[in-house]
Structure formats: structure tokens, C-alpha cells
Amino acid sequence: MKLKEAYEIIEERLIQNGIVEKRDAHELIMYGIGVSEKEEPEKELTESQLQILNELMRRRMDHEPLQYIIGEWDFFDKTFKVGEGVLIPRPDTETLVEKCIADNSESKGLTLIDLCAGSGCIGLTLEGRLDLSELYMVEKSKSAYEYLSQNASDFGSSAKLILGDAFDKEIIDSLPQADIITCNPPYLNVSDMTPGVLQAEVAYEPFEALYGGEDGLEYYRLIARLYKKKLKETGKLYLEIGIGQEAEVMRILIQNGFTNVRKIKDYGQIYRVITAGVTNEYAD
């Protein structure tokens, strides 16, 4: 069988299973045999290569995330190792990174704390774009922490990685005062997690990285209550939020004494990021 024919079969089978991204078939082929159907469409495939592609197609037809299958994914200007047990980096989160860079690109010697760090896509990207003197990244899941460690090593990071619960008193007390605190916390609610509502691919991702309590706001309450004291007077908090959560998250922050609370839209015109400070000196 020629490579172009294999590509057409994979693409058709994926579409039949509700997977319409044309990129998926291409990525599976590149990962499986290291050759592009665009560059060598007439290439004759060996039996071994066909078996590899068939297994990869089967996994994707079962709605296993493409990112888990190929073991990595691009975020901003880096490629992160990912797999089962860690949240997949998403374009939505780039809005938080972009806002943080825009606010802090002229500052020097910053201390940044990244909570619920996951793969490290937020903290490690910012480390490469901002002048940081210290970067602390906290992750509770052992599985996710392994990917965090691998990515930090791959990028030559000097971050201090902490395996543990970001809301544990000992960990909070061990962290310094920060210029920047970032977090993409779990924010799906009970309804979001209902089978049939939750996208099949998302169901493969770790429950603890998705579920934010009954109303999806549990982690925002904890951050507002426990981390305000960890911001310097001119420090800034950056939070990713779910669709329609902006009013409630802003209310939680204001009730806990945060100031200059702002909401920022992503490229889809959805409010995706909330920023806040602790003094009235903070401005957009």
C-alpha cells in the first residue's frame, strides 16, 4: 500500500468516528513512520509500517488524545512532553502567558510562583520570556510532576520544582513573596464532568486536573484566601478561568481584598483570564 492511500484510509476512518481534524492523520503518520504523506505520497509501506499505523489509528479512533499518542505538544514557542496523567497544554492558556508577558516584560529580577503547574507550560514559557530571578512551580500529582521535571530538564530550567499540594500550609509557608503568581486551576463543575457532556478526549485527562468542585470555583476560593499574602505590594495574580466564570471569580477575589481585578478575552472573544493586584498601584 502506498503512503497516500494509507493517509486517505486513516483520515476516512477517523472522520467516521467523529474526529474531523485533518491534522490528526498527518501527525499519526509522522509519529509512526517518520515520513510525510505530502513529501512521499508514492512511498510503498512495509507490513511492519502498516501495523504501526493501524495501531495508532485504533488508539485515536478510541478518542485517546492525539497529544498523548505522540507524547508531546506545542505551546507558545516550546514543545512540551505530555502523556497520560498530565493536563494537555491548550491555546486557551496562551492568553494568560501573553498577558503576563505584556505586563512584565520591562521588569527585572522577578519572582514567579506557578501553582498547579502540570506540564510546566505556563511557568517554563514565562521563564524564557521574562527576566526572572526565581521560579517556583508546584504540582500535586506525581504523574504530572514527572512530565514537569522532564520538561524543565529539556529546557535547561533553573526552576525550583515542588511536589505537593499547593494549598498545604507547609508548602505555602516555604514559598517567598512573589511578583507574579500564575495558575490554571481545575475549573470544571459537576455538570461539565457528566458523561456525554465531557468531550471523549478530555475524559482521558486526569480527573484532579479538571474538576474544580461542585460549582467549579473551589480552587479560586483557596487561591484568593491563601495566596494574597504571598504577593508583593506591587505583585500580580493571573488566573485562567472557564467559560462564564468571570463574574464569580472576580467577586471571590474582590471579597478577599484583591484590587484592580480585570477580565481578559481570548482570541475567541471569551473571557479566559482574570488578573488582580493587592494595592491600588496595579494597573492594566
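How do the residues of the lining of the largest cavity divide into nonpolar, polar and charged? Five are nonpolar, none is polar and three are charged. Keep that split in mind for the first stop. The model on screen is predicted.

**Stop 1: the cavity**

Select Glu11, Leu14, Ile15, Ile19, Val20, Glu21, Lys22 and Ala25. These residues line the largest cavity. Two elements each give two or more residues to this lining: helix 1 (3–16) and helix 2 (22–33). Colour helix 1 first. Helix 1 provides the largest share of the lining, three residues. The cavity has a volume of about 30 Å³. The count of cavities of 30 Å³ or more comes to one.

**Stop 2: the largest pocket**

Keep helix 2 on display. Helix 2 also supplies at least two residues of the lining of the largest pocket, as do helix 4 (66–70), helix 5 (91–104) and helix 9 (207–210). Now centre the view on Arg90, Asp92, Gln199, Val202 and Glu205. Of the 41 residues that line this pocket, these lie nearest its centre. The volume of the pocket is about 970 Å³. Colour the lining by class. You should find 19 nonpolar, nine polar and 13 charged residues.

**Stop 3: the second largest pocket**

Leave helix 9 selected and move on. Which residues lie nearest the centre of the second largest pocket? Pick Cys116, Glu139, Pro186, Glu208 and Ala209, out of a lining of 32 residues. Helix 9 gives two or more residues to this lining. So do strand 3 (110–115), helix 6 (121–127), strand 4 (132–139) and helix 10 (218–226). The second largest pocket has a volume of about 510 Å³. By class, its lining holds 19 nonpolar, seven polar and six charged residues.

**Stop 4: the cysteines**

Show the cysteine sulfurs. How many disulfides are there? The count is zero. Start with cysteine 121. Why is cysteine 121 without a bond? The closest cysteine sulfur belongs to cysteine 183 and is 11 Å away, too far for a bond. Cysteine 121 counts as buried, at 9% relative accessibility.

Step across to cysteine 183. Cysteine 183 is in no disulfide either. Its nearest cysteine sulfur is that of cysteine 116, 3.7 Å away. The cut-off for a disulfide is 2.5 Å between sulfur atoms. Is cysteine 183 buried or exposed? Cysteine 183 is buried, with a relative accessible area of 0%. Cysteine 116 has already appeared on this tour: Cys116 is among the residues nearest the centre of the second largest pocket.

**Stop 5: the sheet**

Switch to cartoon. Look for an open sheet of seven strands. Trace the strands in the order 5-4-3-6-7-9-8; the pairing is mixed. Which strands stand at the edges? Select strand 5 (160–163) and strand 8 (259–265). Each has a single partner strand, so one side of each is left without a neighbour in the sheet. Across this sheet, neighbouring strands are turned by 15° against each other on average, direction ignored.

Strands 3 and 4 are familiar from stop 3, where each gave two or more residues to the pocket lining.

**Stop 6: one edge of the sheet**

Finish on strand 8. Select strand 9 (residues 271–277) along with it. Five bridges join strand 8 to strand 9, and the two run antiparallel. For a single pair, pick isoleucine 264. Its bridge partner in strand 9 is valine 273.

Key
Residues numbered from 1 in each chain as written. Predicted model: local features only at pLDDT ≥ 70, side-chain atom pairs only at ≥ 80, totals over all residues. Heavy atoms only, no water. 1 Å grid on protein atoms, 1.4 Å probe; cavity = no way out; pocket = protein on both sides within 12 Å on 5 of 7 lines; lining within 4 Å. Points joined across faces, edges and corners; volume = space filled by probe spheres on them. Helix = DSSP H or I, 4+ residues; strand = E, 2+ residues; numbered from the N terminus. Nonpolar A, V, L, I, M, F, W, Y, C, P; charged D, E, K, R; others polar. Buried < 20%, exposed > 50% of the residue type's maximum accessible area, 1.4 Å probe, protein only. Pairing = 2+ DSSP bridges. Axes fitted to C-alpha atoms, helices over the stretch in contact; angles between N-to-C directions.
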